[in-house]
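Q: I would like to learn how to read a structure like this one, beginning with what it means to call a residue buried. Could we take the features one at a time?

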Amino acid sequence: MTLSKENVLKALATVEDPDLKKDLVTLGMIQDLEITADQTIRFKVVLTTPACPLKELIRMNCEEALKKAFGEEVSTDIFMTSNVTTIRDNAPLLPKVRNIIAIASGKGGVGKSTCSSNLAVSLARSGARVGLIDADIFGPSVPTMFNVEGEQPAVKQDNGKNVILPIEQYGVKLMSIGFLTPAESAMVWRGPMASSALKQFIGDVDWGELDYLLIDLPPGTSDIHLTMVQTVPVTGAVIVTTPQKVALADATKALTMFQQAQINVPVLGVVENMAYFTPAELPENKYYIFGEGGGKRLAEKYNVPYLGEIPLVQGIRESGDSGYPAVMKEGLIAEAFGNFAENVARQVAIRNAEMSKTEVVQIKV
């Protein structure tokens with residue numbers, strides 16, 4: 001085959017994105033194609049997220065397709081980059097935020113904030129622009145988990161309006177009621193006051209340009225959840241559970257809440273936290289203290305993706321207490337949270353490619 005741009009595109013049109021099930025040329029993922037003076041084929045592959053776990057597979061498939069078309073000796077220069085997809089075009093609120101992801105559990109104590117924090121840091125470390133809202137007004141934990149207790153956000157004037165500047169730590173922009181009140185003080189607020197605080201965190205904070213804005217929700221299915229879906233169109237929800245029956249019962253309620261016809265927020269999947277215990281001195285051993293496979297069964301029952309499992313190890317607790325997220329360390333923990341983040345990013349890309357945009361919910365309660 002003659003080496004030309006047209007024939008190169010024909011060859012690359014045989015390479016599919018494994019998640020989106022369409023070829024790279026149709027998806028517009030091949031950009032800046034050129035054939036240099038020394039006959040090198042140079043182009044960019046623009047992935048749907050910097051956290052794409054299939055990056056090297058796609059690169060290899062491109063090289064194989066070009067070798068098949070132009071011979072084994074063909075010279076290639078492939079630059080892998082990314083542009084996180086979005087369907088939030090012309091959004092009146094948070095217009096520069098590409099995706100809004102709710103993290104819910106239905107039950108307290110399952111490590112939802114731990115999963116949210118490590119998901120945020122993992123996505124940021126992959127190169128994405130990430131923000132995290134601590135929407136648990138009565139039990140904020142983000143300041144502790146990011147080692148920013150005692151920090152207070154600055155305020156600036158924007159067109160005559162006071163706008164809060166989020167705290168930034170480990171590459172993640174953060175907002176929590178814990179930044180605005182003394183750590184020892186209980187928030188004795190009625191539901192409307194808590195809902196008003198969440199609306200401020202969404203609308204009165206200078207989030208700037210973000211690929212992912214995570215909202216760490218409180219336990220239950222309450223005012224905060226309704227306020228969120230009535231304020232912004234949520235790209236999708238992640239459900240956190242532990243394996244045992246009592247946690248799964250509440251996780252089921254959280255999952256089915258998002259699937260209700262009047263709410264209709266896509267569920268990106270289920271992650272199982274505290275899936276098994278592994279002692280540091282016996283890293284190959286797994287002890288299923290809370291039962292086995294509960295999160296996977298929940299995902300299968302409701303036909304949603306299973307995003308992975310996080311082990312119960314001492315290092316995760318220590319990281320939460322020290323404010324240095326576990327995903328920033330090497331080993332089993334970082335790998336588990338990294339896989340979780342990659343799966344979330346994949347599901348966001350698939351959701352954006354296959355589903356219409358989420359609408360702001362109109363509910364009278």
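A: A residue counts as buried when its relative accessible area is under 20%, as exposed when that value is over 50%, and as partly exposed in between. Please keep in mind that this is a predicted model. Applied to one charged pair here, the cut-off places both Lys112 and Asp216 among the buried residues.

Q: How far apart are the closest N and O atoms of Lys112 and Asp216?

A: Side chains of opposite charge can pair when their charged atoms come close. In this case Lys112 forms a salt bridge with Asp216, and the closest N and O atoms are 3.0 Å apart. The pair links distant parts of the chain, since Lys112 belongs to helix H3 (residues 112-125) and Asp216 to strand S10 (residues 212-216), 104 residues apart.

Q: How many salt bridges does a search of the whole structure find, and what is the accessibility of Lys44?

A: The search of the whole structure gives 13 salt bridges. One of them joins Lys44 to Asp32, with 3.2 Å between the closest N and O atoms; this pair also links distant parts of the chain, Lys44 lying in strand S2 and Asp32 in strand S1, 12 residues apart. Lys44 has a relative accessible area of 30% and is therefore partly exposed, whereas Asp32, at 52% relative accessibility, counts as exposed.

Q: Which residues are joined into one network by salt bridges that share partners?

A: It helps to begin with a single pair: Arg129 forms a salt bridge with Glu209, their closest N and O atoms being 2.9 Å apart. The pair links distant parts of the chain, with Arg129 in the loop between H3 and strand S5 (130-134) and Glu209 in the loop between helix H5 (191-203) and S10, 80 residues apart. Arg129 is partly exposed at 33% relative accessibility, and Glu209 is partly exposed with a relative accessible area of 45%. Salt bridges that share partners join Arg98, Arg129, Glu209 and Asp211 into one network.

Q: Turning to the strands, why is strand S2 described as largely enclosed by the rest of the structure?

A: The burial of the individual residues can be read along the strand: 6 of the 8 residues of S2 (residues 40-47) are buried, so the strand is largely enclosed by the rest of the structure. S2 pairs with strand S1 (residues 30-35) in the antiparallel sense over 4 bridges, and in that pairing Gln31 stands opposite Lys44. The hairpin of S1 and S2 has 4 residues between the strands, and Gln39 in this hairpin takes a positive phi near 70°.

Q: How many bridges join S2 to strand S3, and do these strands run parallel or antiparallel?

A: S2 and S3 (residues 75-82) run parallel and are joined by 8 bridges, with Thr81 in S3 as the bridge partner of Val46. Together with helix H2 (residues 55-70), S2 and S3 make a right-handed β-α-β unit.

Q: What should I look at in the largest pocket, beginning with its volume?

A: A pocket can be read through its volume, its lining and the elements that supply that lining. The largest pocket has a volume of about 360 Å³; it is lined by 17 residues, of which Pro95, Gly203, Val205, Asp206 and Trp207 are the closest to its centre. Strand S6 (155-158), strand S7 (161-164) and H5 are the elements that give two or more residues to this lining. By class, the lining of the largest pocket divides into 9 nonpolar, 2 polar and 6 charged residues.

Terms used
Residues are numbered from 1 along each chain as its sequence is written. Side-chain values use heavy atoms; hydrogens and water are left out. Buried means under 20% relative accessible area, exposed over 50%, partly exposed in between (1.4 Å probe, protein chains only). Two strands pair if DSSP finds at least two bridges between them. A crossover is right-handed if, with the strands pointing away from the viewer, the path from the first strand over the helix to the second runs clockwise. A salt bridge is a side-chain nitrogen of Lys or Arg within 4 Å of a carboxyl oxygen of Asp or Glu. On a 1 Å grid over the protein atoms alone, a cavity is a set of points where a 1.4 Å probe fits but cannot get out, and a pocket is an open set with protein on both sides within 12 Å along at least five of seven lines; lining residues have an atom within 4 Å of a point. Grid points are joined across faces, edges and corners, and a volume is the space filled by probe spheres set on the points. Ala, Val, Leu, Ile, Met, Phe, Trp, Tyr, Cys and Pro count as nonpolar, Asp, Glu, Lys and Arg as charged, and the others, Gly among them, as polar.
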